[in-house]
Amino acid sequence: MRQFNNGRPAPEQVRFAGIDGPLEITGAASPRHSLTALHTYLAAHVDTTLLPCTMDTLDGLLGPDEPWTETAVMTDPSRSVGRSDEARQLRLLADDLVALLDTQTPHLITATPRDDWDRARLYGRTATGLLRYHFWMADPSPARMTHLLATRDDMMAGNLLALAARGPVLVHAHNSHLQRDKSSMRMWDHPLLEWWSAGALVSVRLGEEYAFLATALGTIRHHGVDTPPPDTLEGLLYALPDDPCVIDSSRLADTLGDPPPAPRVSPYFGYAPLDPAQLPRLDGVVYVRDVSRG
C-alpha cells in the first residue's frame, strides 16, 4: 500500500482504517466519551441556545461508567441500564445532537477543519449506536442476540460508508462482518443466529465500488487447528507452494466444481472456516498457510 501511495495525490491514495464500534462480545463501552465529545464540538461552533441540553445534564443522565460496562450484562439482561429512564432520555438527546450537527453542516464544514467535522459525525454515529446497543442488551426476548449482532454491523456499515465517501480505503475485519451473504453463527445455547453484515449493507449501497477479499487459512496449531483435510477448500489451498497468496475466487470456484465441498469443521471456537459456497460472491481470497503465536 505504501508503494501504491508513493507519489500519488492524496485523493487517490488508499488509506487503512478500522470500522468496528467500541463493542466486544462481553460488553460495550459507555456512551459518555462519544456523547460528550459531540456536545463539546457543537457547543464550540454553534449558537448554544440551539443545544438540546447542557453538559451537566448529560453528565447527570450518564452517571458512573461502571453500570454501562458491566460484563455480566451479556448473560443477564436484567443488569443492564440500557432501558432505564436515563438511557431513554439520552437516546432522545443523542438524536437531537446528531440532528443539530446535520442541520448546521453548511456552517460547520467551513468553520472547522474537515477532519474535525468527520470526527464529530463519528461521535454521533457511535453515541446513537451505543445507546441502541445498550437498549438491546437489556432485552430479555429471544431476539436479543440477533439485535445485538445486527446493531454492531450497522455501526460498522455506517463507519465504512463514511470512510468510502472520503476516497479509497482498505479495512480489515472478520469475514462474517464483510461478506455479501447473510452472516450466521451459533452462540451458547442459542439457535442459529442470522443477521446482515456490514459488507452486505454497504455492498448494496456502493455496488461495484465495494470489493471483499475473504481470508482463509491452513493451521492455528496452538489452538488445535491442524493440517486441513485434503477434500476441503483449505486443504486444496494448503497444497499450494506460495504463502501467503491472493487467489482469484471465480477460478477457485471452478476448480472445486459444483456442488463445492462442505465447509471445513473447526475444533476451535475462535476460527470460522471459509464457506466454499460463498466463492462466487467474493472478489478474491487471501490465503495464509500457517498462523503462529505472536
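This report describes the pockets, salt bridges and a nonpolar surface patch of a predicted model.

**Pockets**

The largest pocket holds about 1100 Å³ of space. Its lining consists of 28 residues, and those nearest its centre are His 174, Ser 176, Ser 184, Met 185 and Ala 272. Four secondary-structure elements each contribute at least two residues to this lining: helix H8 (144-164), helix H9 (175-178), strand S5 (183-185) and strand S6 (193-195). By class, the lining of the largest pocket comprises 12 nonpolar, 10 polar and six charged residues.

The second largest pocket has a volume of about 600 Å³. It is lined by 21 residues, with Val 169, Leu 170, Val 171, Ala 211 and Phe 212 closest to its centre. At least two lining residues come from each of H8, strand S4 (169-171), H9 and strand S7 (213-219). Strand S4 provides the largest share of this lining, namely three residues. The class composition of the second largest pocket is 16 nonpolar, four polar and one charged residues. Helices H8 and H9 thus supply residues to the lining of the largest pocket and also to that of the second largest pocket.

**Salt bridges**

Side chains of opposite charge can pair when their charged atoms come close. Across the whole structure, a search finds 13 salt bridges. The table lists some of them.

| Basic residue | Acidic residue | N to O distance |
|---|---|---|
| Arg 32 | Asp 59 | 2.7 Å |
| Arg 166 | Asp 118 | 2.1 Å |
| Arg 221 | Asp 226 | 3.6 Å |

In the pair formed by Arg 32 and Asp 59, the closest N and O atoms are 2.7 Å apart. Arg 32 belongs to helix H2 (residues 32-45) and Asp 59 to helix H3 (residues 55-62), so this salt bridge ties together parts that are 27 residues apart in sequence. Asp 59 has a relative accessible area of 43% and is therefore partly exposed.

What is the N to O distance in the salt bridge between Arg 166 and Asp 118? The side chains of these two residues meet at 2.1 Å. The pair links distant parts of the chain, since Arg 166 is placed in the loop between H8 and S4, whereas Asp 118 lies in helix H7 (residues 114-137), 48 residues apart. Arg 166 counts as partly exposed, at 35% relative accessibility. Is Asp 118 buried or exposed? With a relative accessible area of 16%, Asp 118 is buried, because buried means under 20%.

Arg 221 and Asp 226 form a further salt bridge, in which the closest N and O atoms are 3.6 Å apart. Arg 221 is partly exposed at 44% relative accessibility, and Asp 226 is likewise partly exposed at 43%. Elsewhere, salt bridges with shared partners join Arg 114, Asp 115, Asp 118, Arg 121 and Arg 166 into one network. The pair of Arg 166 and Asp 118 described above therefore has both of its residues in this network.

**Nonpolar surface patch**

Met 1, Phe 16 and Leu 170 form a nonpolar patch on the surface, and together they have about 320 Å² of accessible area. Met 1 is located in the segment before helix H1 (2-5). At 47% relative accessibility, Met 1 counts as partly exposed. Leu 170, a member of this patch, is also one of the residues closest to the centre of the second largest pocket.

Key. Residues are numbered from 1 along each chain as its sequence is written. This is a predicted model: local features need pLDDT of at least 70, side-chain atom pairs count only at pLDDT 80 or more; totals for chains, interfaces and linings use all residues. Side-chain values use heavy atoms; hydrogens and water are left out. On a 1 Å grid over the protein atoms alone, a cavity is a set of points where a 1.4 Å probe fits but cannot get out, and a pocket is an open set with protein on both sides within 12 Å along at least five of seven lines; lining residues have an atom within 4 Å of a point. Grid points are joined across faces, edges and corners, and a volume is the space filled by probe spheres set on the points. Ala, Val, Leu, Ile, Met, Phe, Trp, Tyr, Cys and Pro count as nonpolar, Asp, Glu, Lys and Arg as charged, and the others, Gly among them, as polar. A salt bridge is a side-chain nitrogen of Lys or Arg within 4 Å of a carboxyl oxygen of Asp or Glu. Buried means under 20% relative accessible area, exposed over 50%, partly exposed in between (1.4 Å probe, protein chains only). Patches are made of residues with over 30% relative accessible area and no salt bridge: like charges are joined within 9 Å, nonpolar side chains (Val, Leu, Ile, Met, Phe, Trp, Tyr) within 5 Å. Accessible areas come from the Shrake-Rupley method with a 1.4 Å probe; for residues, only the protein chains shown count as cover.
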